[in-house]
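Student: I'm new to this one and would like a close look at a single part. Could you walk me through the backbone, especially the spots where something unusual turns up?

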Amino acid sequence: MKRNKKIAIIAGILILLYTLTGFLVIPLIAESVLPDKLSKQLDRQASIENIYFNPYTLTLELEGFEIREKTGNENFIAFDRFLVNLQWSSLFKLSLIGRELRLENPMIRITRVSDTKFNFSDLIPSGKEKTPSPSEEEKNQKPLRFFFSNITLSGGKFVFRDKPMDKTHSFSDINFNIPGLSNFESDINTYSKPMLAGDLNEAQLKVTATTKPFADSLKTIIDISMSGISLPGYFDYVPVPLGFSVSEGKLDINASVSFSKNRQGQSVLEVSGAADFSDLLLTEKNAEEILSIPSINLKMAPSAPLNKKIRIESLTITEPSVTIIRRADGKLNIANLGPPASESRDEKQEEKAEDKDPQKSFIFELDLLELDSGSIRFRDFAAPAVLQNPDAGPVKMQAAPVDLTVSAFSNQPGHQAELDFSAKLNTDALLSVTGAFGVAPLASNIDIKLKDLKLTNAQPYFPESLHLMLSGGRFGLEGNTRFHADAEEGITAHFAGNAGLRDMVLIEEKTGRKLTELKSFEANGIDVAINPTEINLEELSVAGLNQKIAVGQDGRMNLKNIYQKKGEIDKEKEKSGEAAARDKTKDSQEGGKTAFPVSIGEVKLAGINVLFTDYSIKPNYSSNLTLDQGSIKGLSTTAFQGAEARLKGAVNNHAPFTVAGRINPLLEEILLDLDFNMDNLELSPFSPYSGKYIGRAIQKGKLNLELDYMVENSELDAKNHILLDQFSLGQRIESDDALNLPVGLAVALLKDRKGKIDLNLPVSGRLDDPKFSLGGVIFQALKNILVKAATSPFSLVSSIVKGGEELRYIEFNAGSADITDTAAKKIDSIQTLLYERPGLNMEVTGYADQTKDREALAGMVLEEKILEAGSKDKNENKNENKDEKTGETEDAKLSEKEYNKLLRQVYKKEVLSGPDVPEDAKPLSDESLTTEEMRKKILQGITIDDSKLRSLIQKRGKTVIDAILKDERIAAKRLFLKKAKNLSPPEPGKFKKSRVELGLQ
């Protein structure tokens, strides 16, 4: 056999063996051995339907491959067909060179059984087995080179079953294609363009890439497109509780990710793209809505997250709606939103730690944020009005539409973003905020404008104990605020602008009567700063204020009735509270200077009207005070000279008043130096009060006031000049509250001939004394006048006549009714008093000294008996010879011898004659009998009875009246002779009992 023929036969046999081995032997062996090996190795049932191998085209196909779950009949991994087609050039180039690599309808099912266990967990090495370290030869060994021109995966499916979360996720209809993939040096810089597409939980996913996976640059560009992502299915996987759920919402993503390494080996990552949220709904656990947003569009400009830089080109939020609810327990539905405090605190600490390193600080930029037509709805179930009446429903407020634009935002140091915010509050008020702000450092320069905010919105928040209703009023604010936070200097803030109230009306809840009407209250030129803290105000004006003050039939003032405590007041607690308040006040006063400066340029008052009505008295009393204009200029905590005050108004339209002087209540020690003047106040309308408290109506009269008050260093020095013109009391009125004091007498004592009562009531004291009360001091001074009228009336007229209470007593010599020189001077003063006080009447009451007056009268009888014993001529002329000053007769001028002779005759007749001669009486023959003994025995026999004393008393009273009436200006009808109940005065005091007492009426 020829050599060539042998070679051909051998070659044919080899080809036949190669063919039989490739087409038959290898597939048969693989089909019988491979499933068993896999089943034992994986501990799972494995099967392969068919294996095909074409040894000529180097094509291998596997069909019907399955690996079942360890338990159950479901597939763990399966595919319908796997095909790989290698080229013969692989043998010559010692590389894998394939024309095609295809996988059809693969399926993988992963199951999470618990937090750390999956259905494949038993296939993962335990970690106890040590992986051998690669040898130096293996390290230096070059990787196997390969080239595949067409790699495809079609109809794939990946199922992830999450048993702990009771969720199943599916990635179906997976198609993956790589047109070419090679690690040959000649192909390293050739881009590979893989593509992945499929349905992820019904969301369309497509990923395309352009990459150089084996080049040193690793340059890769990945485009990701995903639409229809259902957010609720993924929200449960948030690792920390956020306090809310995403109930609805779709997300579409179009993103591009670029990755490469530069020559220094540093990774460069750039991300850009867009995300669109639609129909987003956030709810609480009880399914109550918190936030709904129809549309959110986010566009990310090319950003480098590895370099800690993110730039958002635009963020557009359309028609967001926020619902805030305050429940009956006072807690907000948004209070628990976000991660728990401990976790957020840890995150903040980490952020702060990062911020300390400038190289690690994250740069975030937002070119444009637009929030369009948003709304904020607020429902309050904890407002006092709602708690009192739950059936009425919650308080409802809203802000809509809300528009916000933020441009050029960045967290880079010193950068400022522009802000434009506007909202309509409760359909009427307008709020706008514009300006700039920054976050590094935290700073802002913002213009704020609030217009026509209704005050009635605050009505539901009035506490139950506050019985007031708001039926009108609007608040406005306009100004600029600046804020800056610095780690070293702290927080500084400043506000400059204007604020005001208009058309406010307060109504008493119980009576329905208007309490307060305010046309306008404006604060202009507000300038408030913090660090350093100071408050400056150019002008504070109040105009068109109508205030009604009323006392109800129960005697309680309406201003007190608008706020009432529930239940009975614990007096002890009240007292202790007052004491604590006093201590607090004392502490604040002792605490040093004012904490920060305050100044008010001018306080303007105009059109102020206060109406006072008292329903507790009959008839009801009303009075009206109007303040036409007023000004207080220069209030300041540093202006010790005080502010200039000027006020002008009238009481009841016809009693003008003015206030002028200096005042500074802003100082720690209040400074006040004011003069108050009022003229022509009619007093007859005050008759209801005079009737109730003094038991007399006011017939007529006018009041003029001149008050001078000085307060400095807590010392009060006040002068109260009160002038009553033509004041007179009218009819008596029965009243249980009337003072039991002689008011009429006080009026008569104080009213001069012109009908004027002129009073000066000085008041002084320390304002920081808790026992000091200005009103109490003035009332006590007036009460003291009435008490003096009752107990010491003459002391009230010391300005007219001197002598005081001594004028009340006209003293007489014993046994005499003649006016002495001292008494004559007093009578002159009495005449002056009665003339100057024509309203006074006087009672004259005489008294006797029963001892001295009896002795004096007995002596006078003795003298008459001596005269009778003398000559008839002397007896007849007895009265003519009587000394008018001493009351002694002419007989006192007899010689001693003549007097003793006549005395012995009287002694004989009165003592020694008759049947009842005293045993101790000495006879005239007794040489030891003295003149004094004779007088004494004679006087013992003379009896002066009470009738003679009463006669003397009567005579003394008439003598005084006659002496007073010598002044023809005094009418006799004003003097009354009064009979005393007793002969002697009940309380003689330091004056003689032989006197006349004068009483004023």
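Tutor: Let's start at Pro 441, which sits in the loop between β22 (429–439) and β23 (442–454). Keep in mind that this is a predicted model. The peptide bond leading from Ala 440 into Pro 441 is cis, and its omega is near 0°. Now slide along the chain to Pro 532, placed in the loop that links β26 (514–530) with β27 (534–551). Here, too, you'll find a cis peptide bond, joining Asn 531 to Pro 532, with omega at about 0°.

Next, have a look at phi. Glu 202 isn't a glycine, yet its phi is positive, about 70°. You'll find Glu 202 in the loop between β11 (195–200) and β12 (203–211). Is its side of the story buried or exposed? Glu 202 counts as exposed, because its relative accessibility is 76% and the cut-off for exposed is over 50%.

Ser 373 is another non-glycine residue with a positive phi, this time about 55°. Rather than a loop, look for Ser 373 in strand β19, which covers residues 363–380. With 33% relative accessibility, Ser 373 counts as partly exposed, since that label covers values between 20% and 50%.

So, to pull the backbone tour together: there's a cis bond at Ala 440 to Pro 441 and one at Asn 531 to Pro 532, while positive phi values turn up at Glu 202 and at Ser 373.

Methods. Residues are numbered from 1 along each chain as its sequence is written. This is a predicted model: local features need pLDDT of at least 70, side-chain atom pairs count only at pLDDT 80 or more; totals for chains, interfaces and linings use all residues. Side-chain values use heavy atoms; hydrogens and water are left out. Helices (H or I, at least four residues) and strands (E, at least two) are DSSP runs, numbered from the N terminus. Buried means under 20% relative accessible area, exposed over 50%, partly exposed in between (1.4 Å probe, protein chains only).
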